[in-house]
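Here are some friendly notes to read alongside the model. They go through a few charged pairs and one helix, point by point.

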Amino acid sequence: MIVPETLIRPAGPADDAALAELDRAAWSTLHAVLPAPVPPYGPFFDDRHLPGDYLLAVREGVIVGYIRVVPPTPLAATAHVRQIQGLVVAESARGLGVARTLLRAAMDKARADGAVRMTLRVLGHNAPARALYASEGFAVEGVLPGELFLAGAYVDDVLMGRSLATR
């Protein structure tokens, strides 16, 4: 049996509809801080979410995941840092290493862009994501207890980061 390869590529404007559909299908209380999307749906890309911010995972010609990586602030003092602000994998592609492949590609791109540090925020109850990040060298650098009120419960906001000096 031949296992399809996961290809990573940058997003482009033509990916808007496919990414919007993927985002809606993957919505979950495990990782979402916004309510479930309802029609009418807006575009995926906007002034704050540009195609250049995203790397896509493609298997057999279908987009099965994305990662959004941006500078954490517009300040020159944080120009050396990149922050993951979204990692989504289609349910059909989970367990195939797609998230790990996206994460590693994002770190490689950040290094190539001159970044030396990567950070992210993850919900405290999202054990699968936290385990993935920890396995890729991210450490918990802070916890904001009960920072978010989601689905009737207070949820911790966990801050994680790592150096990009090593793989």
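1. Let me start with Glu136, which counts as buried because its relative accessibility is 9%, under the 20% cut-off. Please keep in mind throughout that this is a predicted model.

2. What does Glu136 form a salt bridge with? The partner is Arg100, and the closest N and O atoms of the two are 2.5 Å apart. This pair links distant parts of the chain, 36 residues apart: Glu136 sits in the loop between α3 (127-135) and β6 (139-150), while Arg100 belongs to helix α2 (residues 98-112). Unlike buried Glu136, Arg100 is partly exposed, with a relative accessible area of 30%.

3. A second pair worth a look is Arg121 with Asp157, a salt bridge whose closest N and O atoms are 2.4 Å apart. Arg121 lies in strand β5 (residues 117-123) and Asp157 in strand β7 (residues 153-163), so this salt bridge ties together parts that are 36 residues apart in sequence. Asp157 is counted as buried, at 6% relative accessibility.

4. Sharing of partners also occurs: Arg100, Arg104 and Glu136 are joined into one network by their salt bridges. If you are checking charges, you may like to view these three residues together.

5. Within helix α2 there is a local pair as well. Asp108 and Arg111 form a salt bridge, with 2.9 Å between the closest N and O atoms. Both residues lie in α2, three residues apart, which is about one turn of the helix. Each partner is partly exposed: Asp108 has 30% relative accessibility and Arg111 has 21%.

6. How many salt bridges does the count come to? The total is eight, and the pairs Glu136–Arg100, Arg121–Asp157 and Asp108–Arg111 are among them. As general background, side chains of opposite charge can pair when their charged atoms come close.

7. Turning to helix α1 (residues 16-26), the buried residues are Asp16, Leu19, Ala20, Leu22 and Ala26. Viewed down the axis of α1, these fall within an arc of 165 degrees, so they line one face of the helix. On the face turned away from that buried side are the exposed residues Ala17, Glu21 and Ala25.

8. What do the buried residues of α1 pack against? They contact three strands, namely β2 (54-59), β3 (62-70) and β4 (81-89). In the viewer, you could colour Leu19 and Leu22 as two of the buried residues and Glu21 as one of the exposed ones.

Methods
Residues are numbered from 1 along each chain as its sequence is written. This is a predicted model: local features need pLDDT of at least 70, side-chain atom pairs count only at pLDDT 80 or more; totals for chains, interfaces and linings use all residues. Side-chain values use heavy atoms; hydrogens and water are left out. Buried means under 20% relative accessible area, exposed over 50%, partly exposed in between (1.4 Å probe, protein chains only). Helices (H or I, at least four residues) and strands (E, at least two) are DSSP runs, numbered from the N terminus. The arc is that of the directions from the helix axis to the C-beta atoms. Contact means heavy atoms within 4.5 Å. A salt bridge is a side-chain nitrogen of Lys or Arg within 4 Å of a carboxyl oxygen of Asp or Glu.
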